[in-house]
Each structure stands twice: as structure tokens, then as C-alpha cells.
Amino acid sequence: MGTKTAPVRQSVQFNKKLLDKNALRVVNTIHKAGFEVYLVGGCVRDLLLGLKPKDFDVATNAKPEQVHKLFKRSRLIGRRFRLVHVMFGAREFIEVATFRSGKVQTAKNGVITNDNCYGKLEEDVVRRDFNINALYYDIHKQEVIDFVGGLKDLEAREIHMIGDAKQRFEQDPVRMIRAVRFSKKLGAKLSPEINACILEQAPLLGNISPARLYEECVKLFQNEYSFEVYEQLEKYGLLAYLFEQTRNNDFVKKACINTANRIKRNQSVTPAFLFAVFLWQAQNERFALIKKRQRSFHLAMMQACDEVIMRQIKQVSIPRYLSARMRDIWMMQAKLEKMPPKKIEFLLQHPRFRMSYDFLVLRSKSVNPELKATAEFWTTAQQRDA
Ligand code: ATP
Ligand code: MG
């Protein structure tokens with residue numbers, strides 16, 4: 001399987017400042033060793049739109065072992081696919097993938113069980129998800145290679161699936177949430193076909209492993225258009241397969257917008273905060289039920305936290321250090337609400353104070369207006385403390 005028509009080649013000189021030096025080093029080394037090599041996917045898409053890419057992916061006809069040999073600091077990785085990570089720091093790396101053919105083996109339900117056959121460039125194109133994500137950039141010729149009409153789609157701000165949308169979503173349902181995310185990120189319209197298929201196929205998302213969905217959820221909500229994505233996921237019925245316990249309210253909306261603003265201002269964000277917001281109402285409801293038979297406030301709170309988190313991680317896993325933070329934020333709310341005179345200093349010094357305070361402020365601005373004075377109390381207490 002591959003694409004038969006000749007590709008469109010378009011000369012483009014990208015702004016050097018937007019190109020990642022390490023990615024260029026990797027491409028140059030592989031090129032010098034005599035292989036075919038390109039920048040590919042989201043980075044080319046973003047560069048064409050003048051956006052700073054989040055990461056740079058490299059595609060080549062060199063086999064993973066051959067790439068590995070070219071770079072001292074590289075490692076072969078791969079659960080589903082064999083890839084090479086060329087390391088430039090503890091967490092900084094460039095991912096190099098060998099061209100793969102679109103030949104896939106699927107299980108009875110259509111899910112991909114093996115698509116790890118190496119192929120040619122024109123075969124690699126068709127295994128990608130959307131036309132806009134299947135552009136290749138040859139840095140030596142300074143040209144974009146487009147087999148599928150991705151350039152035209154970018155211009156028109158449209159997202160079209162490569163191949164049959166229904167089948168491609170069956171093969172990998174995560175493509176549905178990717179489509180929603182890209183449409184908001186790029187201000188692009190989903191094709192009518194994609195639109196109809198997501199509405200129909202949303203339940204397939206329930207088959208994806210919680211660990212994979214965690215990674216995707218961070219990408220879905222930690223960005224400048226967080227709430228728009230949230231609303232779309234809800235509209236398409238996808239949210240129920242990620243956060244079934246979450247209901248849209250003003251708190252959720254304000255927290256998403258707050259996250260987006262923090263990212264725009266280059267402030268730090270943690271998924272723990274947003275996830276704590278998403279599950280707060282559910283935690284409260286569980287607590288109210290448990291409290292009827294459990295007299296200890298503390299134990300009832302702990303049990304409600306446990307139950308809500310246990311139910312959540314069946315859909316989207318949450319690393320333990322993050323769920324511990326969520327618990328801290330929740331447990332701190334009652335303490336902050338009490339404003340205990342003898343414990344003010346202690347609470348102000350608590351490592352989770354800042355996050356819990358932000359949480360309280362957002363509650364007071366949305367679902368708990370009666371907490372306005374309490375929030376102001378803590379604002380003043382911090383100023384006094386500074
Ligand atoms: P961003 O980095 O902004 O999230 P991206 O498009 O670069 O967007 P990545 O997850 O970095 O997304 O993937 C890089 C490329 O790999 C994509 O552009 C696409 O070509 C391909 N790809 C990623 N995930 C899938 C998938 N589930 N199905 C098909 N192709 C995919
Ligand atoms: Mg990317």
C-alpha cells in the first residue's frame with residue numbers, strides 16, 4: 001500500500017529560530033551517512049504555520065540499528081514500533097523512525113496488532129493520520145514533499161483523514177481525540193467524514209489502555225485552548241471515555257482557562273491541578289454518601305478520594321505522585337475553609353499551599369461564591385507573610 005501519484009514539492013525556507021538545532025544535527029548525520037532523511041509530521045505542519053513545534057520527528061530509510069550506530073548517545077526503544085531516541089539531555093531527545101509501510105495486521109475488531117513493516121517514503125505517508133500531519137521536509141533541498149494534499153489542507157485549515165476515516169479510527173481510536181485537538185490548535189475544520197465518524201465511533205476510545213490515554217490527556221488539556229478542546233470532547237461524546245465522572249460547570253471552565261493563561265504567560269502547570277478540578281464534584285458527592293455511615297471527617301474524605309481516583313484510573317491512569325498531589329489539594333480545602341487561627345503559619349508553609357489556595361480561589365469565583373471572603377483572607381495572609 002502506498003500512494004501512486006507524484007508528490008507536490010514546494011520550496012520553503014523556515015525561520016531558523018524555529019528550527020531545533022538538535023533535530024538539524026540528527027538529520028545532517030543521517031544524511032552524511034548516505035541515507036534518505038526528513039523532518040516529518042507535526043513539526044513541519046507547525047513550521048508552515050509559523051508556530052513553534054513542540055517536538056521534532058525525523059523519518060529515514062535507515063533501519064533503527066543503523067541509526068543507533070550513528071549516534072553514541074542513542075537508544076533503541078519501542079513497544080509497538082522500534083524507534084531510536086537520540087539523546088541530548090536527560091529528557092531531551094529527537095525521535096527517529098524508519099519509514100514503515102502501511103501494511104497492517106489487525107485483530108477481528110479492527111485494532112492494529114502489527115504495523116511494523118519497513119517501507120519506502122511513499123508508503124510511510126499513508127500510515128500517518130491526517131493529510132496535514134503527513135508532510136516531509138528535506139532540509140538540504142529546503143523543500144516540503146506532499147503526497148496527500150496536506151499543503152492545500154493547511155491553507156484551507158481543513159483536517160482530512162488519510163484513507164477511510166471509519167477504518168482508520170477503528171485501527172486506532174486515539175486518532176479521534178487527536179483530530180479534536182488539532183482542530184482547536186489550528187483553528188481548522190474537521191472533514192464531514194471525520195465529524196460523522198467520531199460521533200458514531202466515540203465508544204471505541206473505551207478500548208485504549210489507560211496509560212496511553214494519560215499521555216494524550218496531558219496533551220489535550222495542557223495548552224492554550226484547553227477549554228475549547230474540553231467542549232468539543234463533550235460535544236462528540238468522547239469525554240465520557242476519558243473522565244466519566246466529570247460534569248461541565250463553571251469551575252471546570254475557569255480552571256481550563258486558567259491553565260491556558262498560565263501557559264501563555266510561561267508559568268508552570270501540572271496535570272494534578274486540572275485533574276483535581278475535573279474530579280472535585282465527584283469527590284464531594286462520594287464524600288456526602290460515605291459521611292452518612294462514617295463519622296470521622298478525615299476517614300470519609302480519604303475514602304472518597306480513594307474511590308474517585310480508583311474509578312478514574314480505570315479510564316485514564318494517573319501517576320502516583322500526581323494523584324498524591326490531587327489528594328493533598330482536596331484535603332487542604334477543608335483546612336483552608338476553617339482558617340484555624342493557630343495553624344495559619346503552618347498552612348502557609350505547607351508545600352501544597354499555593355496549589356490548594358489557587359484551587360480555593362477558583363472555587364470562590366465559580367461554584368462556591370460564599371468562599372470569597374475566605375479566599376481573600378488567605379490572599380491577605382500571604383501578603384502579610386511575604
Ligand atoms: P503535536 O506534537 O503537536 O502533539 P504531532 O502531529 O507532532 O502533534 P506526535 O504525537 O508528535 O503529533 O506525532 C508525530 C507524527 O506521527 C504525527 O504528525 C503523525 O504523522 C504521526 N502520528 C502520531 N500519532 C499517530 C496515530 N495515532 N496514527 C497515525 N499517525 C500518527
Ligand atoms: Mg509532535
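How many residues does helix 7 have, and how far does helix 7 reach from its first C-alpha to its last? Helix 7 has 13 residues and reaches 18 Å between those two atoms, close to the 18 Å expected at 1.5 Å a residue, the expected span being 1.5 Å times one less than the number of residues.

**View 1. Helix 7 and its surroundings.** In this predicted model, local features need pLDDT of at least 70 and side-chain atom pairs count only at pLDDT 80 or more, whereas totals for chains, interfaces and linings use all residues. Residues are numbered from 1 along each chain as its sequence is written, ligands are numbered from 1 in the order in which they are written, and side-chain values use heavy atoms, with hydrogens and water left out. Helix 7 (helices are DSSP runs of H or I with at least four residues, numbered from the N terminus) is largely enclosed by the rest of the structure, because 11 of its 13 residues are buried (under 20% relative accessible area, 1.4 Å probe, protein chains only). Among them are Val 174, Arg 175, Phe 182 and Leu 186, and just after the helix Gly 187 takes a positive phi of about 60 degrees.

**View 2. The shell around ligand 1.** Of the 18 residues around ligand 1, Arg 45, Asn 133, Asp 172, Arg 175 and Arg 181 come nearest (a residue is near if one of its heavy atoms lies within 4 Å). Helix 7 gives the most to this shell, with five residues.

**View 3. Polar atoms beside ligand 1.** Polar side-chain atoms lie 3.4 Å from a ligand oxygen atom for Lys 54 and 3.1 Å from a ligand oxygen atom for Arg 178.

Definitions and conventions
A polar contact is a pair of N or O atoms within 3.5 Å; within protein, one must be able to donate a hydrogen and the other to accept it, and residues adjacent in sequence count only if both atoms are side-chain atoms. Buried means under 20% relative accessible area, exposed over 50%, partly exposed in between (1.4 Å probe, protein chains only).
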